[in-house]
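This report goes through one protein structure, beginning with its overall architecture and ending with two individual side chains. Please keep the sequence and the coordinates at hand while reading.

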Amino acid sequence: MAFFLLSVAASLANAQSEPDYNYSRGDWVIGLNATRILTDEDLRSPSAGGAPLPNANLSINNDTTVSFDVSYFLSNQLAFNVFGGIPASADLQGEESLSGLFLGQTDYGPVILSLQYHVLTGSKFSPYFGAGVGRIFFLNEKDRALTDFDVEDTWAPAVQAGFRWRIHNNWSANFDVRYAPFKADVTGNLGPAPVEAEVEVDPTIVSIGVAYRF
């Protein structure tokens with residue numbers, strides 16, 4: 001009996017000394033990240049004055065910004081996550097038949113709502129996956145070669161994969177990659193001719209930062 005009681009006591013002591021790396025229902029996790037937005041883009045159906053613009057294309061620069069995300073855990077594995085941040089800056093440069101034209105400039109950024117699945121590992125390493133929907137907002141459009149330059153807000157599907165590494169107590173390092181392809185309508189005037197087009201963008205959003213669990 002004495003041996004049994006000592007074994008139980010030792011097991012309880014070890015369980016109390018081992019840190020709880022898993023999340024629990026009701027946990028809130030807030031993250032702050034440095035985020036790099038890498039874009040791959042294409043111009044669809046461009047026209048000026050109602051006539052097609054053959055071989056017209058554009059390019060959009062990559063940019064780095066600051067983002068945040070907030071997660072609420074529905075269970076120890078499922079969480080709702082909201083992602084946003086400071087809008088990135090995009091310069092729309094003409095390519096091919098539009099080469100040499102700085103078409104316009106805008107700030108933009110997604111607000112993404114996702115459902116995440118967190119893998120239970122029982123260790124400091126905590127991978128997760130997510131899927132959801134994002135709203136892409138375009139702000140502060142500035143005329144360049146196009147006057148009355150405007151890009152319409154739009155919706156985008158979004159997927160993500162990442163991991164957290166527990167640093168100390170409730171603090172974790174975080175790394176994730178999000179993919180949120182979208183199409184947006186672009187309008188303006190090139191001289192007296194009204195211009196219409198659709199830009200198709202495949203952005204890869206790479207974030208690294210820290211997160212705190214409440």
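## Secondary structure and overall form

How many helices and strands are there in the protein? The model, which is a predicted one, contains 1 helix and 15 strands.

The C-alpha atoms occupy a box of roughly 95 × 25 × 20 Å when it is drawn along the principal axes. The radius of gyration is 24 Å, whereas a compact globule of 214 residues would have a value near 17 Å. Among the contacts between residues at least 6 apart in sequence, 67% are formed by residues that are at least 24 apart.

## Burial, surface and charge

Of the 214 residues in the protein, 38% are buried. The exposed area comes to about 11,300 Å², and carbon and sulfur atoms account for 62% of that area.

The protein carries 12 positive and 24 negative side chains, and a distance of 12 Å separates the centres of the two sets.

## Asp 69 in strand S5

Strand S5, which covers residues 63–73, includes Asp 69. Is Asp 69 buried or exposed? Asp 69 counts as buried because its relative accessibility is 3%, and the cut-off for that class is under 20% relative accessible area.

The side chain of Asp 69 takes part in a polar contact of 3.0 Å with the side chain of Asn 81, and in another, of 3.3 Å, with the side chain of Asn 33. When neighbours within four places in sequence are left aside, the residues in contact with Asp 69 are Val 29, Ile 30, Gly 31, Asn 33, Asn 81, Val 82, Phe 83, Arg 164 and Arg 178. Both partners in the polar contacts, Asn 33 and Asn 81, therefore appear again in this set of contacts, since contact means heavy atoms within 4.5 Å.

## Asn 57 in strand S4

Asn 57 belongs to strand S4, which runs over residues 56–60. With a relative accessible area of 14%, Asn 57 is buried.

Which backbone nitrogen lies 3.1 Å from a polar atom of the Asn 57 side chain? That backbone nitrogen belongs to Leu 43, a residue that is also listed among the contacts of Asn 57 once neighbours within four places in sequence are set aside. The other residues on that list are Asp 42, Gln 93, Gly 94, Glu 95, Glu 96 and Leu 98.

Terms used: Residues numbered from 1 in each chain as written. Predicted model: local features only at pLDDT ≥ 70, side-chain atom pairs only at ≥ 80, totals over all residues. Heavy atoms only, no water. Helix = DSSP H or I, 4+ residues; strand = E, 2+ residues; numbered from the N terminus. Rg over C-alpha atoms; globule rule 2.2 N^0.38 Å. Buried < 20%, exposed > 50% of the residue type's maximum accessible area, 1.4 Å probe, protein only. Areas by Shrake-Rupley, 256 points an atom, 1.4 Å probe, with all protein chains shown as cover. Lys, Arg positive; Asp, Glu negative; His and termini not counted. Charge placed at Lys NZ, Arg CZ, Asp CG, Glu CD. Polar contact = N/O pair within 3.5 Å; in protein donor to acceptor, adjacent residues only side chain to side chain.
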